[in-house]
Amino acid sequence: MTEDSRYEAVCSRDARFDGEFFFAVSTTGIYCRPSCPATTPRRHNVRFFATAAAAQGAGFRACRRCRPDAVPGSAEWNARADVVGRAMRLIGDGVVDRDGVAGLAARLGYSARQVQRQLNAELGAGPVALARAQRAHTARILLQTTELRAADIAFAAGFASVRQFNDTIREIYALTPTGLRAARTRVRSASGAGAGIPLRLAFRGPFAGAELFDDLADRAVPGVEEVTGERGARTFRRTLRLPHGPGIAEVGEHRAGSAGGTGGTGAAGGWLECRLHLAELRDLTTAAQRMRRLFDLDADPWAVDERLRGAPALAPLVAARPGLRSPGAADPHELAVRAVLGRQVTLGAGRRLGAALVRVYGEPLPAASGGLTHLFPRAEDLADASLEELTLPGPRRLTLRALGAALAEGTVVLDPGADRDRAEKELLRVPGIGPWTAGYIRMRALGDPDVLLEGDTAVRAGARRAGVSLEDSQAWRPWRSYAMHHLWRAA
């Protein structure tokens, strides 16, 4: 986009671009999302930024009306496989807060100076500023949804000191922490950490929620996941293995509100209600990001659907399910193991195998919650396991042990910033993992939006039924993963 086209989006309050860029007004010192309902500023008073951190670094504070820090993330970071895209995914997962810039650079395979230079050149903000903006957002959520003391919130959000926390909140929101807490209008408050932390997981555009919850229900592994309630009002619940302790996430199927501030839940977007129960509040950012990846909430359905509608045979499938998502993974290692378990068996058989694996090798929760009883087994726990309790052929057991060893040793890296091409090559070196399994793991565990498993039986069946030629699939890039989900549905 040019700056003029960005200004046109601001003038029309176009929610499609919320999170894709931010604009700031020099006369007010405030930055906003494109759909902000406030009076449109004059063009010569407007500046544009790729990230909220860049706007904050330029001295602008967040708008209290449109809350620009609460928008979905840019879909660009999921699609891009370069160092900037990989860095943004890792920062979102909280790597800078846990391991510093040096830890981020080590995971990317670059020096800290190179990472700093590339992020500053392209985004106008370095890794520290990007992480700081994320910490401020986490702190705002805790201030407005819990009764925790401000000092506890400061360290839970990742700040090094209470003074740093106070200074950052004043700078970004032009309020003290006490003032920000007092301004929590229309935000549900939890009675404390024991009641969980309520979140709104924002998304843009149409959202095919029923299909997504169907997929999650069909694949839910007992003990680790469950889906409760009736269709249309279901709740997905699962355990999470987080850096500082276990957690449980609950996400409701019913979507609400409008992410764009226009009052609807259709084209403008909206949010899913989520509640996190965490052993350590420091894991809030990581847990929220992992649920966003699982539900593919940072997708740009307008861009996806527009591209896929360009194929005449795909157009009816897209029209039938606008906003169809490509689910990711809450735990990439878990997804890889489950992909091997479920290969060449029915969904029901895959769930039973997963339940048996969890029952024998999973880590019990301190206290069961409904049907949730365990954390999924660690990769290192499977590397030396006999797996005799599972009704699997010998070669499949060897594959599971080899995959567990490769993940534990770091030969195969599946974190959010992993090099997707390299990860796929290393997966193919694991005995028993073929192109289908490696591609499926790449799509879900690494969030690649451009995977098409052309040899998949269901994909071919769906293509025949819809009259789609897979030879034309290059025209669907970079959204072939979404096309594949449409074909699976058609089958």
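**Exercise 1. In which strand does R200 lie, and is R200 buried or exposed, or partly exposed?**

Solution. The model considered here is predicted. Step one locates the residue: R200 belongs to strand β5, which covers residues 197-203. Step two considers its surface: the relative accessible area of R200 is 39%. Since buried requires under 20% and exposed over 50%, R200 is classed as partly exposed.

**Exercise 2. State how far apart the C-alpha atoms of R200 and Q118 are.**

Solution. Along the chain, R200 and Q118 are 82 residues apart. In space, their C-alpha atoms are separated by 31 Å.

**Exercise 3. Describe how β6 and β7 pair.**

Solution. Begin with the direction: the pairing of β6 with β7 is antiparallel and runs over four bridges. Next, take one position: T228 is found opposite T235 of β7. Finally, consider the connection: the two strands make a hairpin, with six residues between them. Within that turn, G229 has a positive phi of about 90°.

**Exercise 4. Determine which parts of the chain the salt bridge between D214 and R234 ties together.**

Solution. First, establish the contact: the closest N and O atoms of D214 and R234 are 2.8 Å apart, which satisfies the limit of 4 Å for a salt bridge. Second, place the partners: D214 is in helix α11 (residues 209-219), while R234 is in the loop between β6 (225-228) and β7 (235-242), so the bridge connects parts 20 residues apart in sequence. Third, assess exposure: D214 and R234 are both buried.

**Exercise 5. Carry out the corresponding analysis for E334 and R238.**

Solution. The side chains form a salt bridge with an N to O distance of 2.7 Å. E334 is part of helix α15 (residues 332-341) and R238 is part of strand β7; the pair therefore ties together parts 96 residues apart in sequence. For burial, the cut-off is under 20% relative accessible area. E334, at 4% relative accessibility, is therefore buried. R238, also at 4%, is likewise buried.

**Exercise 6. Locate R480 and D450, and state whether they are buried or exposed.**

Solution. A salt bridge joins the side chains of R480 and D450 at 2.9 Å, N to O. R480 lies in helix α22 (residues 480-490), and D450 lies in the loop between α20 (435-444) and α21 (457-466). The partners are 30 residues apart and link distant parts of the chain. Both R480 and D450 are buried.

**Exercise 7. Which residues do salt bridges with shared partners join into one network, and how many salt bridges are counted?**

Solution. The network consists of E76, R80, D82 and E122. The count of salt bridges is 40.

Key: Residues numbered from 1 in each chain as written. Predicted model: local features only at pLDDT ≥ 70, side-chain atom pairs only at ≥ 80, totals over all residues. Heavy atoms only, no water. Buried < 20%, exposed > 50% of the residue type's maximum accessible area, 1.4 Å probe, protein only. Pairing = 2+ DSSP bridges.
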